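Trainee: May we go through the reasoning behind the terms applied to this model?
Mentor: Certainly; let us begin with the structure itself.

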2 protein chains.
Amino acid sequence: MAVYTDVPDEALAAFISHYDIGSVLAFKGIAEGVENSNFLLHTEAGYYILTLYEKRVNPAELPYFIGLMEHLAAADISCPTPIANLDSETLGTLAGKPAAIYTFLNGMSIRRAKATHCQELGKAMAEMHLAGANFSMHRKNALSIDGWRPLFELSRDRADTVCHGLTSEIEHELSMLEENWPKDRPSGEIHADLFTDNVFFLGDELSGIIDFYFACTDYFAYDVAICLNAWCFEPDESFNVTKARALLKGYSSVRPFTEAEFHTLPLLARGAALRFLLTRLYDWLTVPKGALVTPKDPMEYIKKLRFHRDVTNASDYGLGSVDIAS
Amino acid sequence: MAVYTDVPDEALAAFISHYDIGSVLAFKGIAEGVENSNFLLHTEAGYYILTLYEKRVNPAELPYFIGLMEHLAAADISCPTPIANLDSETLGTLAGKPAAIYTFLNGMSIRRAKATHCQELGKAMAEMHLAGANFSMHRKNALSIDGWRPLFELSRDRADTVCHGLTSEIEHELSMLEENWPKDRPSGEIHADLFTDNVFFLGDELSGIIDFYFACTDYFAYDVAICLNAWCFEPDESFNVTKARALLKGYSSVRPFTEAEFHTLPLLARGAALRFLLTRLYDWLTVPKGALVTPKDPMEYIKKLRFHRDVTNASDYGLGSVDIAS
């Protein structure tokens, strides 16, 4: 749940008067997004989402995130579209915080993804990757291979308190990944946080992608690897190869993998699992007991990591090389 | 903020299929109401509020609350209107909780009420009182004169830890009120919790009243007294007689006070202040330190109570007897 900032009605009315969307009819805090405050905004022109950026988002990076959504929306990717004010600006200030207004996106995140949802997700992700191709801005992925060791250092001393042997297991994994991380794969703007909460469906159809605040410039296949972890494991951490195959089929039907890219998938999936393991481990060890937000269990991601370690060939994910671009 | 229950998408779809409002397009938890979980529900037929009743509301009392809203809405009072399902029922079960769907009400609660807002509130409250006249159900006010002593007993031992001398001050006040509480004044269905959060405005115009979960059968003037306390004091606890006059003028322009009713106002205002003092005192002493919800300061209401104690005549509230029905 995320409503951190209280917005006085007079301040809201003044802010909205800089937009060509009529006056405010209703304004309600909504439980969506973890990093920011989000509000349902109903004006004479329709329904919108107003986002206030709280301190976890670096204001200097907002032009990249907002610009990317604007760029993708213009290329018909269904994502929140920033609304420009009368000065053609998409970013303003409200209640002392950076603020932006977005189109209201229909759809709901789903609890239990079926293979058809995974296929839709694969397609939409590939379309998003292609649509980002000519976006002019870039953002280094702070949570990729270069960022993992410094992040690990913050938890190293106490990792074994979570699970015996975890420190050395991470140390080995990290060294292996640092040695073998691919240097050159197709890359561009990726979402980097495509968990089920951030994908909306209407029935079986994908209706939109939200929450671009981890988006960055990195390997396309790394985005796919994050989704293999987030969408294709069952609650008992068993890997559902039907869902993986559907995800990869959906993706490659829009943007075929290169041979080299495809075969890096198990390694990227290990890296993606380590990335979420490390952030969760850090949160687990630092969030005070009894805090408002319960940190997510880091062990979920060590299990996912171990699964991918045993994958010898990317075709084990269910997609034959026949489907790969040559 | 109030979203306590997680609603699975499949359960929601099944629930909505019993209504003639099309299928679900969006569903988001909203930060409104303290006792229940509220969701924005967008369907093919429009926007609604779905309420799940959490354990603080007694399910046996829901037919009264929901019935009252239905009755008032039918009499053109702007309040959430319960939507009936295909079996003509307004109350169902979702995610194991009692649930109801209401019309979406435009407007926003205001931070700083002006006298014009108080006048609008007075009018709307009187219209609501008149519209409730022929409602067939009744509900005893558990938080009126008979309920205060048992409530006080729960905090009596520790009241002095909040403010020295508070125990004896409440004891004296309570005895005086028990002796002098009027036996017979115009009564009917009242809201009993008309704080600024529960009244929506669009600019200076009142657009709706929400949150009827303290509604009950009691003196109309007691509802007015609650509003004198909630709307007519400044943040420094000074009494704004211009706002009080506007509130009473607005009210009596729709439903004139009887002479006896009007002159009981200072006493009822003391009672209303004691009622909120006692519930806040109880919450203050029982809510654990560091809890999610910060309890409201009981001292606000002891100050209000003391103000009314010095009011010798109801006309001190700014309304001359010329405005009263003879």
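**Symmetry and helix packing**

Mentor: In this predicted model, a turn of 180 degrees with a shift of 0.0 Å along the axis lays chain B on chain A with an RMSD of 0.0 Å.

Trainee: What makes this the relation of a two-fold axis?

Mentor: The turn is 180 degrees and the shift along the axis is 0.0 Å; that is therefore the relation of a two-fold axis.

Trainee: Which residue of chain B comes closest to the rotation axis?

Mentor: I30(B) does, with its C-alpha at 2.1 Å.

Trainee: How do you know that the copies meet through the same surface?

Mentor: Of the interface residues of chain B, 100% are also interface residues in chain A, so the surface is the same. The contact takes 23 residues from chain B and 23 residues from chain A. On the side of chain B that touches chain A, β1(B) gives the largest share, seven residues. By class, this side of chain B has 14 nonpolar, five polar and four charged residues.

Trainee: Why are α10(A) and α11(A) called roughly antiparallel?

Mentor: Their axes come within 8 Å and cross at roughly 165 degrees. Angles over 145 degrees count as roughly antiparallel, so α10(A) and α11(A) are roughly antiparallel to each other. The residues of their contact include A269(A), A273(A) and L277(A) of α10(A), and I302(A) and L305(A) of α11(A). This contact divides into nine nonpolar, one polar and four charged residues.

Trainee: What is the handedness of the crossing?

Mentor: α10(A) passes α11(A) in a left-handed crossing.

Terms used: Residues numbered from 1 in each chain as written. Chains lettered and ligands numbered in written order. Predicted model: local features only at pLDDT ≥ 70, side-chain atom pairs only at ≥ 80, totals over all residues. Axes fitted to C-alpha atoms, helices over the stretch in contact; angles between N-to-C directions. Helix = DSSP H or I, 4+ residues; strand = E, 2+ residues; numbered from the N terminus. Parallel < 35°, antiparallel > 145°, perpendicular 65-115°, else oblique. Left-handed = near helix turned anticlockwise from the far one by under 90°. Contact = placed C-beta atoms within 7 Å. Nonpolar A, V, L, I, M, F, W, Y, C, P; charged D, E, K, R; others polar. Least-squares fit on C-alpha atoms with pLDDT ≥ 70 in both.
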